[in-house]
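Got your viewer open? Let's walk through this one stop at a time, selecting as we go.

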There are 2 protein chains.
Amino acid sequence: MYSDFELASDRPAYIQVKDYLKRLMTTGAFQADQKLPSTRELSSLLRVSRTTVLTAYADLEDEGFIYPLQGKGHYVVPAAANAQVGAQDGGREGKEQRIDWKQRVNGYAKLAEEHDLMKHGIRAGKGTISFTSIAPDEKLFDLQNVKRAFLDRMSIEGNVLLNYGYAKGYKPLIDYLKRYMENKGVDMAGKDLLITNGFTEGFNLLLSGLNQNHKRILCENPTHNTAIKNMRMHGFELTGIEMEQDGLNIGMLREELDKRPYDLAYLVPSYHNPTGIVMSHHKRLEAIRLLSERHIPIVEDGFNEELRYSGSHVAPLIACAGKSNQVIYLGSFSKILFPGLRVGWMAADKELIDYMESVKRARTIHTSTLDQSLLYQYLHNGNFEKYLKRAKAEYKRKYELASECCKKWLPAKRLSGDGGLHLFAAFEPSFRTRDLLDACLKQGVAFTPGDIFYTDGGGQHTMRIGFSRVSDEQIAAGIERIGKAARQLL
Amino acid sequence: MYSDFELASDRPAYIQVKDYLKRLMTTGAFQADQKLPSTRELSSLLRVSRTTVLTAYADLEDEGFIYPLQGKGHYVVPAAANAQVGAQDGGREGKEQRIDWKQRVNGYAKLAEEHDLMKHGIRAGKGTISFTSIAPDEKLFDLQNVKRAFLDRMSIEGNVLLNYGYAKGYKPLIDYLKRYMENKGVDMAGKDLLITNGFTEGFNLLLSGLNQNHKRILCENPTHNTAIKNMRMHGFELTGIEMEQDGLNIGMLREELDKRPYDLAYLVPSYHNPTGIVMSHHKRLEAIRLLSERHIPIVEDGFNEELRYSGSHVAPLIACAGKSNQVIYLGSFSKILFPGLRVGWMAADKELIDYMESVKRARTIHTSTLDQSLLYQYLHNGNFEKYLKRAKAEYKRKYELASECCKKWLPAKRLSGDGGLHLFAAFEPSFRTRDLLDACLKQGVAFTPGDIFYTDGGGQHTMRIGFSRVSDEQIAAGIERIGKAARQLL
């Protein structure tokens, strides 16, 4: 005993002594009513000061782990030792009851596990050039301004920031984002805004809170795989509409709409994941018209809308829809700014937001006030604009390089991506990008096979190339290697 | 035009000009291809420097809102103006399609709204002495140490903290909390830990991810109202077990268990909300035995477990259960430390945690890394221990004062609360605390009527008095007023 105690230098010593003794008691190394060493003894045994032991004993007494006897020292409180079932009766109940949790979880949890790409996705070895991520490059983050935003906000609001906030969100951020949406051309009259833990929570609130009359959602094919996972987990069937170079195939959309009814449409009009396509203004209006005639609400995923490198501004669907209350916009800065800060928002009809606010309150109370207030101050200080300029310049260079390399090296039939953080390539229909991936992994390159984005089991001949976190040299070298491997397979 | 432009001093001027012009374009005040004022003109119209206007114009051009014509100035990009459906065809589609969202939301969302106490709870006027909150008193927060923890962690890890994290949680915090649980006597072998957005997310993950074979949960009666709300929202029927001064009525528990099967038991063994009762060690062991025999998993709400003022340490159920994998512990520092930081945790069987991790990833990706890393550093620095001493001393004084005042003034039949941040009073069965509340509100005092905590529509004669955020003077004055009003009603 005591020889395994090791003192760490960066944590108060008395806490370490206290924790160490607690563990001795709770693991049964100390018995009920056993006498503890004197403070002098323990101080020499653990090689800490006597004051440290005195403070630790005082705390343990205060927390009800030990009790003093006048002039005799300290003793272990019986309830602190041998607290377990069966400990008192000498292990009479030897056979311990076990629950088979696999039998207790339902289909929803099982689907979540099966579709968990972090668990079952691509395992690339160290040193691999990986095109699988479309997260922002953290080297671009301006930590100094983030620190300043934190300290600024703390000195303005102080302690209040650390107590409970509101389910709807942090008021200054809500107001900021309402103006932000208006600047995108959104008519916010009759609409409202709810802060969410990123896009994902917003989408989940909707999927949980809306009626499933037809159990079917219409979306692009391919589309965002996390969205596919969640729609399936909620029991929806999906109809995917083919993508053309300027967005949805409108003819096919009309056809499918005539075939059967839908509860919802889920669309990613800008820098669509995974194709990188920006839907044209004309098609946006057409899609809204067709869905509006059938009273089908549209969930608009504002994914990377801010990442425009060139070309005209294209208004989001919720702006195109004008006064209509049909579009629910899910926004997030996470994809370009700071994903670690889990802040997104839902802009939609007031009445709907009111219900979603209550569902959010029931599920997560509210989004971290610290995240929200820091983000607000960062935006308010004008840092986002500066960051965006730098990030756009950087990503644009990478985009052009990656695009050029793909054209040069990849024997692909089609390449899409109008900007954003990724490109999408389609080979001839018989090609299998899973086979290509196997070959590439051996050569230290990884990418995302496109099939995970398809609603109908298709896309085996496609791939997504995320370049945001890959250096220029590695973009060139990596795509060359993929291209060579592809030619060998063809 | 332009006369309504007002320059705020705390935000870069060029951004304000840019936003102002964007709004003019998107709201239709500018037409497609309309010429903008020259930079010189606009600078004088808006009373800002010409550089400011030049920067704003450059940005707008870059974002695709305006285009330049050599030597002629800047013009509005057509897509930036008149972006709405119907704008191009002169409003041909006059009758705008509206969705009746009330018809679109389901029973789950409606229940959330109905049971939303923030919307339908007690409305107390300004200056009211309010005993409704059991949130911590933010005056106790040590902002300096929170700032230090933030800056410490930022300088250790930097940018990485702002990029995506893991669904399971921030590794150093997970490791810290595993040790923390072991110090409570928990055998973590075969168990694991998942970080959640507070208790509420953890509880929701379980309710969504576990099978509903019997659609029934066993819990204390009364119990935590947010838990009741969520269990009902998930379609569970509740059986509430009567509370005695040392916890659950074990006889009644046995009886109910013999009557019918249950999917789950939800228990709050320490500082039970709302009664403030700490379940005795003996009853903990009995409850575990009875539930274990029937293979019923126990969700243990570790609510305010840290807030012990006096008495022996009482091991949590998950520690009492030893090697068994039956207990799921939901912990949170939010209730005493910082509720604004949405960090809680679930400690349970490894296999179960693995499923819950995937459900969490599907629903919120992960908990704010900033919150987690700040909390970790704060804990690691030993600040929690210091804070807890100060907080306990403060709450203990308030508890004793409130307790004394209740005994002196309240004509209650029973008073409970072994510490924590609240007391619970029961009057004679015919008494109506809702009537008392009406009378008290008129005299500027508010409390929480107990009925919201009951699973069976009972508790009309009970009330919860939360004192954590009320000053000593107001505790005395408020309880005296409640007492006098109660005597008048009796």
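Start by selecting A:Lys398: at 2% relative accessibility it counts as buried (buried is under 20% relative accessible area, exposed over 50%, partly exposed in between, with a 1.4 Å probe and protein chains only). Before going on, note that this is a predicted model, where local features need pLDDT of at least 70, side-chain atom pairs count only at pLDDT 80 or more, and totals for chains, interfaces and linings use all residues. Residues are numbered from 1 along each chain as its sequence is written, chains are lettered from A and ligands numbered from 1 in the order in which they are written, and side-chain values use heavy atoms, leaving out hydrogens and water.

Now add A:Asp137, which is buried too, with a relative accessible area of 7%. A:Lys398 and A:Asp137 form a salt bridge, with the closest N and O atoms 3.7 Å apart (the rule: a side-chain nitrogen of Lys or Arg within 4 Å of a carboxyl oxygen of Asp or Glu). This pair links distant parts of the chain, 261 residues apart: A:Lys398 sits in helix H16 (residues 383–409) and A:Asp137 in the loop between strand E3 (129–130) and helix H7 (143–157). Helices (H or I, at least four residues) and strands (E, at least two) are DSSP runs, numbered from the N terminus.

Next, select A:Arg397 and A:Asp472, another salt bridge, with 2.8 Å between the closest N and O atoms. A:Arg397 is in helix H16 and A:Asp472 in helix H18 (residues 472–489), 75 residues apart. A:Arg397 counts as partly exposed at 36% relative accessibility, and A:Asp472 likewise at 23%.

Time to cross between chains. Pick B:Glu385 and A:Lys18: their salt bridge has its closest N and O atoms 2.4 Å apart. It runs from helix H16 of chain B to helix H1 (residues 13–26) of chain A, and both residues are buried. Then add A:Lys22, A:Asp59, A:Glu63 and B:Lys389, which shared salt-bridge partners join with A:Lys18 and B:Glu385 into one network.

Where else do the chains meet through charges? Try A:Lys119 and B:Asp354, a salt bridge at 3.2 Å between the closest N and O atoms. Across this interface the rule finds 12 salt bridges. Select helix H14 (residues 350–364) of chain A as well: with 12 residues, it gives the most to the side of chain A that touches chain B.
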